[in-house]
Amino acid sequence: MQKFITIIVVFLLAVLTGCGVPTAQKPGETQTSAAPEQGGAKQLTVAGNGGKIEKAIRDVIAPKFKEKTGIQINYVAGLSGEILSKVELQKNAPQIDIALYVPVDVQRAKEKGLTDPIDETNVPAMKDVDPRFIVVEKTAAPAFGLVIAPAYNTEAFEKNGFKPIESWNDLARPDYKGKTAFADISNDWGFNTLYALALANGGSIDNMEPGLKKAKELAGYSSTFYKNSTQMMPAMQQGAADVTVMGSYAIGDLATSGVPLKMVVPKEGVPLQAFSATLVKNTPHKKEALEFINYLIGEESQKATSEAGFYPVVKGMKISDKYEPYIGLKETDKTFKPDFAAFAKIRAEWTDRWAKEVTPQLGKLVNK
C-alpha cells in the first residue's frame, strides 16, 4: 500500500511539473520583467486608434520591429478616451504597455498619474523629433502627425460658383447649408473647430465665447453633427456633404481615393498635433516598451507613417509624394500648437455648453 501511494505521489509531481506550475523562488533570486512569452516570442501590448494607425502598425511597423528584436506586438484598437479608461482601470496591474492618445488624453493621462516619463535619456530618437509635434513635455513621443483643417468638394464649389474657404468663419455660410459634415464636440475634431472659431473671432483659450457664438450659426446651417470619422467620411464620399473639418490624414485618404477634396489652411491657421505614444506607468515590460517607442519615432517607422498619410514627426522628413498634392503643408501655411493642458481643463465645461446651446440650433437655418 505504501509503495502504491509513493508511485501516485511521484506521478502527480511529474504531471504538475509538466503543466508548468511555478517553483518557489530561491533566496537571492529576482524575478525578471521580460515581456510575456508565447511560443518563445516576447510580446508587447499596444493600444491605439483603429483605421490607418492600426493598419500602419500591424502591417508594416510591428513586423519589421519583430524582425529586428523578436518582440511580437499585440495591437488593441479603440478610441483614445476608451483606451485612457482601460489604462486607468488596470493601473494596479497594467495589461497595456504602450497607449497611443490624442493630445488632450495625453495631458489627462499625465494628470491621472498613468504615464512614466519619456525623453531623450530613455528614448534617444526624441532628439530628432520636430518639437512642434510634442504634445506634453517628457510625457509622450509624438508618432503620427496631423493638422485638423477644413476641406471642401472642389467640383461642387466650381459647379455652384462658391467662393473658396479662406477663414474658419467661412464654414458658416448659407451657400452650403444642409451639405456639411462637422463633428460633434465630443470628437477631437469638433473641439478643435470650436477653438479655431474662437480664435477667428477675437477669442482665446481663456475666452471661448466668440467661438460658441459662431458655432451656433454653424449648427444652424448643418443638418446634424457627426460622432466620428466613420460617419463623416462616407458623407463626403457619397456627396451628402460638400464641406467638412477633419484630420489631414482622413482628408488625404478621401482625396487619394478619388473624392475631389481640397484641404484648406485658413488665414487664422490650423492646429498642428500628433497621436502620441505614452509609456504606461508600472508596465512590467518597460525596457521592451521603450525600445518599441524609440523604433516607432525613428526614421524607418516614420517613412511608414508618411505612406499612411500622416506627417512624419522627424525633423526634415516630408509626407509621402502620394499625399503631398492634397494635404502637403507649405512653408507659408500658418500652423499653431494649442495649449493642451488648458484644453484638458476647459473641455468638460465647453462640451456641456455646446450640448445645451449649440446642438439645439441644428438645422434652424437650413430651410430659410
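This tour moves through a predicted model, from overall confidence to one strand with its partners and then to a pair of helices.

**Confidence.** Colour the whole chain by pLDDT: the mean for the protein is 90, and 89% of its residues reach 70 or more. Next select residues 1-41, where the pLDDT is below 50. Beyond near neighbours in sequence, this stretch has 21 contacts in the model. Where pLDDT is low, the predicted coordinates should not be read in detail.

**Strand β11.** Select residues 270-280, which form strand β11. Eleven of its eleven residues are buried, so the strand is largely enclosed by the rest of the structure.

Its pairings can be visited one at a time:

- Add β6 (residues 141-153), which is antiparallel to β11 and joined to it by six bridges; V147 lies opposite L272 of β11.
- Add β4 (residues 98-101), also paired in the antiparallel sense with β11, over four bridges. Here A99 faces T278 of β11.
- Add β5 (residues 115-116), an antiparallel partner of β11 over two bridges; the bridge partner of D116 in β11 is L279.
- Add β12 (residues 335-336), which pairs with β11 in the parallel sense over two bridges. At this pairing, P271 stands opposite F336 of β12.

**Helices α8 and α9.** Select residues 229-237 (α8) and 248-256 (α9), which pack at an angle of about 35° with their axes 11 Å apart. The crossing of α8 and α9 is right-handed. To display the contact, show the side chains of M233, M236 and Q237 from α8, together with A250, D253 and L254 from α9. By class, the residues of this contact comprise four nonpolar, one polar and one charged.

Notes: Residues are numbered from 1 along each chain as its sequence is written. This is a predicted model: local features need pLDDT of at least 70, side-chain atom pairs count only at pLDDT 80 or more; totals for chains, interfaces and linings use all residues. Side-chain values use heavy atoms; hydrogens and water are left out. Axes are lines fitted to C-alpha atoms, for helices over the stretch in contact, and angles run from 0 to 180 degrees between N-to-C directions. A crossing is left-handed if the near helix is turned anticlockwise from the far one by less than a right angle, and right-handed if clockwise. Contact means heavy atoms within 4.5 Å. Ala, Val, Leu, Ile, Met, Phe, Trp, Tyr, Cys and Pro count as nonpolar, Asp, Glu, Lys and Arg as charged, and the others, Gly among them, as polar. pLDDT is the predictor's confidence in each residue, from 0 to 100. Buried means under 20% relative accessible area, exposed over 50%, partly exposed in between (1.4 Å probe, protein chains only). Two strands pair if DSSP finds at least two bridges between them.
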